[in-house]
Amino acid sequence: MPFGVTGWKWKVGRFGYTMEKESNYEKIKAKAKELLEKATRGVIWKCRCGTTHISLLVDGEILGELWEGVNPKELEVGAYWYGKWGTKIQLVKDERVMGFLWLT
């Protein structure tokens, strides 16, 4: 069951795992916008392949990641998907994905 989504449960379908009911995108979008208002940029680091990663902090907790030095308040909420550990939301600016935010 993905965390943060009440009433969900995984079930095995004919072609793999499915979910029993649809999530409410408006609720997910509202929560993500609320978190983005409080978000600040954290530590900047580069991985072995040279990609830049910037921690996205909310109340001192890492809840996301950016790949470019943009202001979190300028970002828009994009597409999302959910998995075993929570909902992952794309953060978009000028029609480009700039990073992700995790809802738990």
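How many bridges join β7 to β8, and in which sense do the two strands run? Selecting both strands in this predicted model gives the answer: 7 bridges join β7 to β8, and the strands run antiparallel.

**Stop 1: β7 and its two neighbours**

Begin with β7, residues 86–93, and then add β8, residues 96–103. Within this pair, Thr87 stands opposite Leu103 of β8. The two strands form a hairpin with 2 residues between them, and Asp94 in this hairpin takes a positive phi near 55 degrees.

Next, add β6, residues 76–83. β6 pairs with β7 in the antiparallel sense over 6 bridges. For a landmark, select Trp81, whose bridge partner in β7 is Lys88. β6 and β7 also form a hairpin, with 2 residues between them.

Is β7 mostly covered or mostly uncovered? Of the 8 residues in β7, 6 are buried, and the strand is therefore described as mostly covered.

**Stop 2: the whole sheet**

Now display the remaining strands. The sheet is open and consists of 6 strands in the order β3-β4-β5-β8-β7-β6, with antiparallel pairing. β3 and β6 stand at the edges with a single partner strand each, so one side of each has no neighbour in the sheet. From one strand to the next, the twist averages 25 degrees. As general background, strands of a sheet pair through backbone hydrogen bonds, in either a parallel or an antiparallel arrangement.

Move along the sheet to β5, residues 61–66. β5 is joined to β8 by 3 bridges, and these strands run antiparallel. Select Glu65 to find the residue that stands opposite Phe100 in β8.

**Stop 3: the β3 and β4 hairpin**

Select β3, residues 40–46, which is joined to β4 by 5 bridges in an antiparallel arrangement. Ile44 has Ile54 in β4 as its bridge partner. Between β3 and β4 there are 5 residues, forming a hairpin, and Gly50 in the turn has a positive phi of about 95 degrees.

Two cysteines may be selected next. Cys47 is partly exposed, at 24% relative accessibility, whereas Cys49 is exposed, with a relative accessible area of 64%. How many disulfides does a search of the whole structure find? The search finds 0.

**Stop 4: helix α1**

Select α1, residues 25–38, together with the sheet. The helix lies across β3, β4, β5, β6, β7 and β8, and runs at about 115 degrees to β6.

**Stop 5: the salt bridges**

How many salt bridges are counted in the model? The count comes to 3, and each may be selected in turn.

Start with Asp59 and Lys38, whose side chains meet in a salt bridge with an N to O distance of 3.8 Å. Asp59 belongs to the loop between β4 and β5, while Lys38 belongs to helix α1, so this pair ties together parts that are 21 residues apart in sequence. The surroundings of the partners can also be compared: Asp59 counts as exposed, at 66% relative accessibility, and Lys38 is partly exposed, with a relative accessible area of 40%. Why do these values place the two residues in separate classes? Exposed requires over 50% relative accessible area; Asp59 at 66% therefore qualifies, whereas Lys38 at 40% does not.

Continue to Glu68 and Arg96, which form a salt bridge whose closest N and O atoms are 2.5 Å apart. The pair links distant parts of the chain, 28 residues apart: Glu68 lies in the loop between β5 and β6, and Arg96 in strand β8. Both are partly exposed, Glu68 at 31% relative accessibility and Arg96 with a relative accessible area of 43%.

Finish with Lys93 and Glu74, where the side chains meet in a salt bridge at 2.7 Å, N to O. This pair ties together parts that are 19 residues apart in sequence, because Lys93 lies in β7 and Glu74 in the loop between β5 and β6. Lys93 is partly exposed, with a relative accessible area of 22%, and Glu74 is partly exposed at 43% relative accessibility. Lys93 also returns the tour to β7, the strand that is joined to β8 by 7 bridges.

How values were computed. Residues numbered from 1 in each chain as written. Predicted model: local features only at pLDDT ≥ 70, side-chain atom pairs only at ≥ 80, totals over all residues. Heavy atoms only, no water. Salt bridge = Lys/Arg side-chain N within 4 Å of Asp/Glu carboxyl O. Helix = DSSP H or I, 4+ residues; strand = E, 2+ residues; numbered from the N terminus. Buried < 20%, exposed > 50% of the residue type's maximum accessible area, 1.4 Å probe, protein only. Pairing = 2+ DSSP bridges. Disulfide = S-S within 2.5 Å. Axes fitted to C-alpha atoms, helices over the stretch in contact; angles between N-to-C directions. Contact = heavy atoms within 4.5 Å.
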